[in-house]
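Here's a quick tour of a protein model for anyone who likes to poke at coordinates. Have the viewer open while you read.

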Amino acid sequence: MIRVGKELSNEVPKLYVIGLGPGDPGLITVMGAEVLRKVKLVFIPYSTSSNRSLAYTIVSKYIGPDTQVVFLGFPMVKEPSKEVLMGGNARAICDGLRRYGSAAFVVLGDSSLYSTFYRIKPFIDCDYEP
């Protein structure tokens, strides 16, 4: 059983990975915008070198005022350390999925290619449905 809020559920948490395209806020898909309006938790990567997130700039108008936003710091380097990926970021994703039951993880570009999500995916140590 998975605890979702105060209730118990047999459902596996769902994690929506949403590609935001090349960085133009007008290019987010209709489905991506709908998911962002629906979920109560959004994971947003940011660059630890600049402390900025273009992804947040794009999605901020689609998420509701009651939506919890969790910023995940990523060094924008070719090979980030496993400690960064395995540590707080992966743990925050699992904790959020257990609590909310579903969440969105937004990435610049195509989510199925080179993205922050696929860097951290091997370290997410909890059950979820992609």
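What follows goes from the overall layout to the main pocket and then to three single residues.

**Confidence and layout**

First off, this is a predicted model, so a word on confidence is due. The average pLDDT is 84, and 88% of the residues score at least 70. The soft spot is residues 1–8, where pLDDT stays under 50. For that stretch the model has 19 contacts beyond four places in sequence, and those deserve the caution that goes with the score.

As for the fold, you'll find 4 helices and 6 strands. Walk along the sequence and the order reads β-β-β-α-β-α-β-α-β-α. Among contacts with a separation of 6 or more, 75% are between residues 24 or more positions apart. Of the 130 residues, 42% count as buried. On the outside, the protein exposes about 7700 Å², with carbon and sulfur atoms supplying 53% of that area.

**The largest pocket**

How big is the largest pocket in volume? The value comes out at about 280 Å³. Its lining is made of 15 residues, and the ones nearest the centre are Pro45, Met76, Leu108, Ser115 and Thr116. Three elements give two or more residues to that lining: strand S4 (41–47), helix H2 (54–59) and helix H4 (116–120). S4 has the largest share, with 3 residues. By class, the lining splits into 9 nonpolar, 4 polar and 2 charged residues.

**Three loop residues**

Now for some close-ups, starting with a table of C-alpha to C-alpha separations.

| Pair | Apart in sequence | C-alpha to C-alpha |
|---|---|---|
| Leucine 20 and aspartate 110 | 90 residues | 7.2 Å |
| Asparagine 51 and glycine 73 | 22 residues | 8.0 Å |
| Threonine 67 and valine 39 | 28 residues | 7.2 Å |

Leucine 20 is in the loop between strand S3 (14–19) and helix H1 (30–38). Is leucine 20 buried or exposed? Leucine 20 counts as buried because its relative accessibility is 0%, and the cut-off for buried is under 20%. Leaving aside neighbours within four places in sequence, leucine 20 is in contact with Ile28, Ala55, Ile58, Val59, Val106, Val107, Leu108 and Gly109. One of those partners, Leu108, also turns up among the residues nearest the centre of the largest pocket.

Threonine 67 is another loop residue, placed between H2 and strand S5 (68–74). With a relative accessibility of 10%, threonine 67 counts as buried. Not counting residues up to four places away in sequence, threonine 67 touches Val39, Lys40, Leu41 and Val42. The C-alpha of valine 39, one of those partners, is the one listed against threonine 67 in the table, at 7.2 Å.

Asparagine 51 sits in the loop between S4 and H2, and both of those elements contribute to the pocket lining described above. Which sign does phi of asparagine 51 have, positive or negative? Phi is near 55°, a positive value in a residue other than glycine. Asparagine 51 counts as exposed because its relative accessibility is 59%, and exposed means over 50%. Along the chain, glycine 73 is 22 residues from asparagine 51, with 8.0 Å between their C-alpha atoms.

Conventions:
Residues are numbered from 1 along each chain as its sequence is written. This is a predicted model: local features need pLDDT of at least 70, side-chain atom pairs count only at pLDDT 80 or more; totals for chains, interfaces and linings use all residues. Side-chain values use heavy atoms; hydrogens and water are left out. Buried means under 20% relative accessible area, exposed over 50%, partly exposed in between (1.4 Å probe, protein chains only). Contact means heavy atoms within 4.5 Å. Accessible areas come from the Shrake-Rupley method with a 1.4 Å probe; for residues, only the protein chains shown count as cover. On a 1 Å grid over the protein atoms alone, a cavity is a set of points where a 1.4 Å probe fits but cannot get out, and a pocket is an open set with protein on both sides within 12 Å along at least five of seven lines; lining residues have an atom within 4 Å of a point. Grid points are joined across faces, edges and corners, and a volume is the space filled by probe spheres set on the points. Ala, Val, Leu, Ile, Met, Phe, Trp, Tyr, Cys and Pro count as nonpolar, Asp, Glu, Lys and Arg as charged, and the others, Gly among them, as polar. pLDDT is the predictor's confidence in each residue, from 0 to 100.
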